[in-house]
Each structure stands twice: as structure tokens, then as C-alpha cells.
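Here is a short tour of one protein structure, written for someone who is still getting used to reading them. Keep the picture open while you go through it.

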Amino acid sequence: MNTSDTILLVEDDAQIRKFVCIALASEGYAVHEACSAGQAASLAASLRPALLILDLGLPDRDGQHFIQDLRAWSSTPILVLSARSQESDKVKALDAGADDFLTKPFGVSELLARVRALLRRRQQPPLDAAPVIQFGEFRIDCVRRIVTRRGEPVHLTQIEYRLLVFLAANPGRVFTHRQLLLQVWGGHAVDNHQYLRVYVGHLRQKIEANPAQPQHILTEIGVGYRFQP
Ligand code: CA
């Protein structure tokens with residue numbers, strides 16, 4: 001079995017998991033199963049699957065937040081399974097970095113067609129970042145979601161963590177306010193530039209030696225921010 005055919009299925013409903021698993025296996029895909037977001041993050045890092053199929057309603061984490069964290073270090077295509085009919089949940093998942101969605105209940109042929117389309121779209125093997133990011137005296141374990149400075153834990157809020165990981169995973173690249181707001185907060189926040197200013201301030205207090213003269217999170221005036229390792 002080619003490793004590019006590996007699919008990680010994240011679904012807490014055992015019946016749906018079995019149904020999807022059988023459908024994918026019958027087409028020759030190597031399917032690995034996870035029933036929580038925590039388990040899914042570990043497996044995504046160790047297996048490096050070609051595709052991730054993700055139920056949005058998981059017991060331990062919001063699917064949207066899971067996608068945002070994963071996207072900091074993985075470009076694996078994500079097909080979202082949603083039981084919710086609300087447009088906003090799908091839009092949130094897509095804004096967070098999902099590639100496509102299926103609304104439950106769905107049929108086998110529709111599922112397989114979406115899977116084939118996503119695997120086709122992937123033109124080259126994903127060039128994923130390591131699930132550990134290091135800069136200066138800092139180390140970010142993206143699977144366990146732990147940030148340390150010289151081995152000592154650095155306490156960050158969810159938002160601070162997401163902002164730091166996204167920036168640190170893309171060193172040297174300038175991100176606009178809108179891109180960062182979209183990536184870290186989601187689509188509802190793209191116009192709230194003050195969120196970003198406040199949280200960049202918090203983060204600088206925690207990671208910069210001199211927050212007034214930052215060495216890592218640099219301001220690009222009128223544009224956004226750039227991360228310097
Ligand atoms: Ca569920």
C-alpha cells in the first residue's frame with residue numbers, strides 16, 4: 001500500500017466510523033481511525049496521512065479549533081463531516097482551513113467522489129512543517145500544545161497559542177491583519193483589528209525580552225506582522 005493512500009478518519013460515532021471505514025477500505029485506502037481530537041492530532045503527526053476526514057462534533061474539542069491548530073503545521077487536505085445544517089459551521093470550518101465538507105447523512109458514492117477529488121487536487125507530497133517548532137530559547141510542541149522556554153512551561157491562552165504557532169510556523173512571511181484574524185479567530189473577526197493588536201501585545205509580554213523592541217513578532221506598519229525566529 002502506497003503511503004499516499006493513507007486516510008485518517010476522525011469520528012466519535014462508532015456506526016458512522018464503521019460505515020466510512022468499510023467504504024474507504026473497499027477502494028483500497030489504508031484507513032486509520034481516531035475518535036477524539038487529541039487522538040487525531042497524535043495520529044496526524046505520526047502517520048502524515050494523505051487526507052483527513054473530520055467530524056466537526058467531537059467530544060473533546062471544537063472541530064474548527066482543531067483545524068486551526070493542525071493548519072499551523074500540516075497542509076493535509078481536510079474533508080469535514082457535519083451533522084449540523086447551519087451554513088455558519090461549514091463556513092467556519094472552511095475559513096479555518098478545511099478543504100471540503102459533506103453533510104450527514106451522505107452516501108458512499110458521494111463520499112468516495114469527494115475523497116478522490118481531494119486526493120487529485122494534491123499535486124505534490126505535502127511539505128509539512130515539523131510538529132515541533134523551535135526559535136530562540138523557545139520550543140513549541142504542536143501535538144501536545146505545550147510551549148516551553150529553556151524547558152520551563154510558558155502559559156498562553158488559546159488565542160495566544162494559536163497566534164504564536166501560526167506565526168512561528170511561517171517564519172519570515174508577512175501576514176495581513178485580515179489573514180491573521182481569519183486564521184486565529186475565524187471569519188467573524190476579520191474586521192476587528194483591535195483584537196489582534198491586544199493579543200500581539202500580550203504575546204510580546206510573554207515571549208519578547210523587551211516587548212517595546214520585539215525581536216520575534218515584528219510589526220509591518222499598515223500591513224500586519226512578520227515572525228522572525
Ligand atoms: Ca460527532
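What follows walks through a metal site, some helix contacts, a few unusual backbone spots and one strand residue.

Before we start, keep in mind that this is a predicted model.

**The calcium site**

Let's begin with the metal. Which residues hold the calcium ion? It is coordinated by Asp12 and Asp55 through their OD atoms and by Gly57 through its O atom, at 2.2 to 2.4 Å. Written along the chain, these donors follow the spacing D-x42-D-x1-G. Asp12 sits in the loop between β1 (6–10) and α1 (14–26), while Asp55 belongs to strand β3 (residues 51–55), so the pair ties together parts that are 43 residues apart in sequence.

Are these two aspartates buried or exposed? Asp55 is buried, since its relative accessible area is 4% and anything under 20% counts as buried. Asp12 comes out as partly exposed, at 33% relative accessibility.

**Helix α7 and its partners**

Next, find helix α7 (residues 177–184) and look at how it packs with helix α6 (residues 158–168): the angle is about 125 degrees, and the axes are 10 Å apart. That angle makes α6 oblique to α7. The crossing of α6 past α7 is right-handed.

Who meets whom here? On the α6 side you'll find Ile159, Arg162, Leu163, Phe166 and Leu167, and on the α7 side Leu180, Gln183 and Val184. Sorted by class, this contact of α6 with α7 has six nonpolar residues, one polar and one charged.

Now turn to helix α8 (residues 193–207). Its axis and that of α7 come within 10 Å and cross at roughly 80 degrees. The two helices, α7 and α8, are therefore roughly perpendicular to each other. In this contact His177, Leu180 and Leu181 from α7 meet His193, Tyr195 and Leu196 from α8. The residues of the α7 and α8 contact divide into four nonpolar, two polar and no charged.

If you compare the two lists, Leu180 turns up in both: it is on the α7 side of the contact with α6 and on the α7 side of the contact with α8.

**Two glutamines**

Gln183 deserves another look. This residue of helix α7 is buried, with a relative accessible area of 16%. Which residues does Gln183 touch, once its neighbours within four places in sequence are set aside? The answer is Gln68, Arg71, Ala96 and Phe166. Phe166 is one of the α6 residues you already met in the contact with α7.

A second glutamine, Gln64, lies in helix α3 (residues 63–71). Gln64 is buried too, at a relative accessible area of 12%. Leaving out neighbours within four places in sequence, Gln64 is in contact with Leu56, Lys92, Ala96, Trp185 and Gly186. So here's a link to spot on screen: Ala96 is among the contacts of Gln183, and Ala96 is also among those of Gln64.

**Unusual backbone spots**

Time for some backbone geometry. Most residues other than glycine have a negative phi, and most peptide bonds are trans. With that in mind, have a look at these places:

| Residue | Backbone value | Where to look |
|---|---|---|
| Arg48 | positive phi of about 50 degrees | loop between α2 (37–47) and β3 |
| Arg145 | positive phi near 60 degrees | loop between β7 (138–141) and β8 (146–149) |
| Pro105 | cis peptide bond with Lys104, omega about -5 degrees | loop between β5 (100–103) and α5 (108–121) |

How accessible are the two arginines? Arg48 counts as partly exposed, with 31% relative accessibility. Arg145 counts as partly exposed as well, with 30%.

**A residue in strand β11**

Last stop: Glu220, which is found in strand β11 (residues 217–220). Glu220 is partly exposed, and its relative accessible area is 24%. Not counting residues up to four places away in sequence, Glu220 touches Val174, Tyr225 and Arg226.

How many Å separate the C-alpha atoms of Glu220 and Ala117? The separation is 38 Å, and the two residues are 103 places apart along the chain.

Definitions and conventions: Residues are numbered from 1 along each chain as its sequence is written. This is a predicted model: local features need pLDDT of at least 70, side-chain atom pairs count only at pLDDT 80 or more; totals for chains, interfaces and linings use all residues. Side-chain values use heavy atoms; hydrogens and water are left out. Axes are lines fitted to C-alpha atoms, for helices over the stretch in contact, and angles run from 0 to 180 degrees between N-to-C directions. Helices (H or I, at least four residues) and strands (E, at least two) are DSSP runs, numbered from the N terminus. Angles under 35 degrees count as roughly parallel, over 145 as roughly antiparallel, 65 to 115 as roughly perpendicular and the rest as oblique. A crossing is left-handed if the near helix is turned anticlockwise from the far one by less than a right angle, and right-handed if clockwise. Contact means heavy atoms within 4.5 Å. Ala, Val, Leu, Ile, Met, Phe, Trp, Tyr, Cys and Pro count as nonpolar, Asp, Glu, Lys and Arg as charged, and the others, Gly among them, as polar. Donors are N, O and S atoms within 2.8 Å of the metal (3.2 Å for Na, K and Ca); water is not among the atoms, so sites may look incomplete. Buried means under 20% relative accessible area, exposed over 50%, partly exposed in between (1.4 Å probe, protein chains only).
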